[in-house]
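User: Could you take a close look at one buried side chain and what surrounds it, and then walk me outward from there? I have the model open and would like one connected account.

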Amino acid sequence: MTLPYPYPEVLPARQAVEHELDIDGVETHWWEYPATKSNASSVILIHGYRGDHHGLDLIARALSEFRVLIPDLPGFGSSESWDTSVQSIDDYGRWLREFLAATKTNDAFVVGHSFGSVIVANGLRGERRQPIVLINPISQRALDGPRHFVATLTRLWYLVGKILTVRLGDAWLSNRLFVRVMSGILAKTVDPRLRAWIHGQHAAYFSLYADKDSLVAAFDVSVSSCVTNYAREIHAPVLLIASDRDDVTPLSAQIELQPLFDSARLVVLTGVGHLVHYERPVEAADAIREFVSSSN
């Protein structure tokens, strides 16, 4: 059943064109949202772990004056994985740099959500000066977040999936009950229509991955690094969009992260958790728009 779209008047539909490129040996699918005006700047949106381009569609709709590009990360959505599976966060960072080069968007500003924030921080550290936006950044190891018990169960969940056969492992890792529990923990909205839509999005897209081995390898990578590891090497202007009810990274860790950058602004959204891209896409887009305008 298709659930009603929760923002029909605020965020009208925006048509995207699917493209395909070989990036770092990976068949990468990406979606381009043409801008509503000519000579528009480009923005790259990088999704989080087990997501794909659908998760950032609302923010893309809200940034209608920009040309928006959203790739599916290697191993997720429609993109293939590396032949040898991912080895470290450096693989994703290298892939991101090659994606920007292949799409001729090195001058674009780049937005990363959740695990995407670590990829962006890793891939774009150095001399880059174009603005960077990190939404719900992973500022400490993901398994050290406020819900330690849930984090421990999650690690065990993936460990079991790793040792099972392909058929049983896929069934285990894509179990609908697991997906629903995760979605219920992360969603903070009290709007029943929006909650139902978020659960529907997770049910539809959370289990679109290339294969179980690459999924588990990506999980290991996702919990082994954080933005803090790279903050001092980032010299571009940075916008951090955090939330006060984030179960993955507490607000205190975001406050500690901010001064590690050369230049960083922190925007805190209240009453929302790790799903800013679903629950507060308009506010996130407004913060991005203001930040980019002040950075030019």
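Analyst: Happy to. Setting aside residues up to four places away in sequence, Lys212 touches Gly161, Lys162, Leu164, Thr165, Val166, Gly169, Asp170 and Leu173. Please keep in mind as we go that this is a predicted model. Lys212 lies in helix α8, which covers residues 212-222. With a relative accessible area of 4%, Lys212 is buried, because buried here means under 20%.

What does the side chain of Lys212 find for its polar atom? One partner is the backbone oxygen of Gly161, 3.0 Å from a polar atom of that side chain. Another is the backbone oxygen of Lys162, also listed at 3.0 Å from a polar atom of the Lys212 side chain.

Moving along the chain brings us to Ile163, which belongs to helix α4 (residues 148-163). Is Ile163 buried or exposed? Ile163 is exposed, at a relative accessible area of 67%. Together with Phe149, Leu153, Leu156 and Leu159, Ile163 makes a nonpolar surface patch of about 550 Å².

Helix α4 also meets helix α6, so let us turn there: the buried residues of α6 pack against α4, α5 (166-173), α7 (192-205) and α10 (276-279). Those buried residues of α6 (residues 176-186) are Phe178, Val179, Met182, Ser183, Ile185 and Leu186. Viewed down the axis of α6, they fall within an arc of 160°, so they line one face of the helix. Residues three or four places apart in an α-helix point the same way, because there are 3.6 residues a turn. On the face of α6 turned away from the buried side you will find the exposed residues Arg176 and Leu177. The start of α6 has a polar contact too: a side-chain oxygen of Asn175 comes to within 2.8 Å of the backbone nitrogen of Leu177.

For a second buried residue, have a look at Leu69 in strand β4 (residues 67-71). Leu69 counts as buried, at 0% relative accessibility. Apart from neighbours within four places in sequence, the contacts of Leu69 include Trp30, Trp31, Glu32, Val43, Ile44, Leu45 and Phe99. Although Leu69 and Tyr33 are 36 residues apart along the chain, their C-alpha atoms are separated by 6.4 Å.

Two loop residues with positive phi are also worth a visit. Asn39 is not a glycine, yet has a positive phi of about 55°; Asn39 sits in the loop between β2 (26-33) and β3 (42-46) and counts as exposed at 79% relative accessibility. Arg50, likewise a residue other than glycine, has a phi near 65°. Arg50 lies in the loop between β3 and α1 (57-62) and is buried, with a relative accessible area of 1%.

Finally, the charged pairs. How many salt bridges does a search of the whole structure find? It finds ten. In one of them, the side chains of Glu65 and Arg289 meet at 2.4 Å, N to O. Glu65 is in the loop between α1 and β4 and Arg289 in helix α11 (residues 281-295), so the pair ties together parts 224 residues apart in sequence. Glu65 is buried, at 17%, while Arg289 counts as partly exposed at 24% relative accessibility. Arg289 also meets Asp286 in a salt bridge of 2.9 Å, N to O, and both of these residues lie in helix α11, three residues apart, about one turn of the helix.

Technical notes: Residues are numbered from 1 along each chain as its sequence is written. This is a predicted model: local features need pLDDT of at least 70, side-chain atom pairs count only at pLDDT 80 or more; totals for chains, interfaces and linings use all residues. Side-chain values use heavy atoms; hydrogens and water are left out. Patches are made of residues with over 30% relative accessible area and no salt bridge: like charges are joined within 9 Å, nonpolar side chains (Val, Leu, Ile, Met, Phe, Trp, Tyr) within 5 Å. Accessible areas come from the Shrake-Rupley method with a 1.4 Å probe; for residues, only the protein chains shown count as cover. A salt bridge is a side-chain nitrogen of Lys or Arg within 4 Å of a carboxyl oxygen of Asp or Glu. Helices (H or I, at least four residues) and strands (E, at least two) are DSSP runs, numbered from the N terminus. Buried means under 20% relative accessible area, exposed over 50%, partly exposed in between (1.4 Å probe, protein chains only). A polar contact is a pair of N or O atoms within 3.5 Å; within protein, one must be able to donate a hydrogen and the other to accept it, and residues adjacent in sequence count only if both atoms are side-chain atoms. Contact means heavy atoms within 4.5 Å. The arc is that of the directions from the helix axis to the C-beta atoms.
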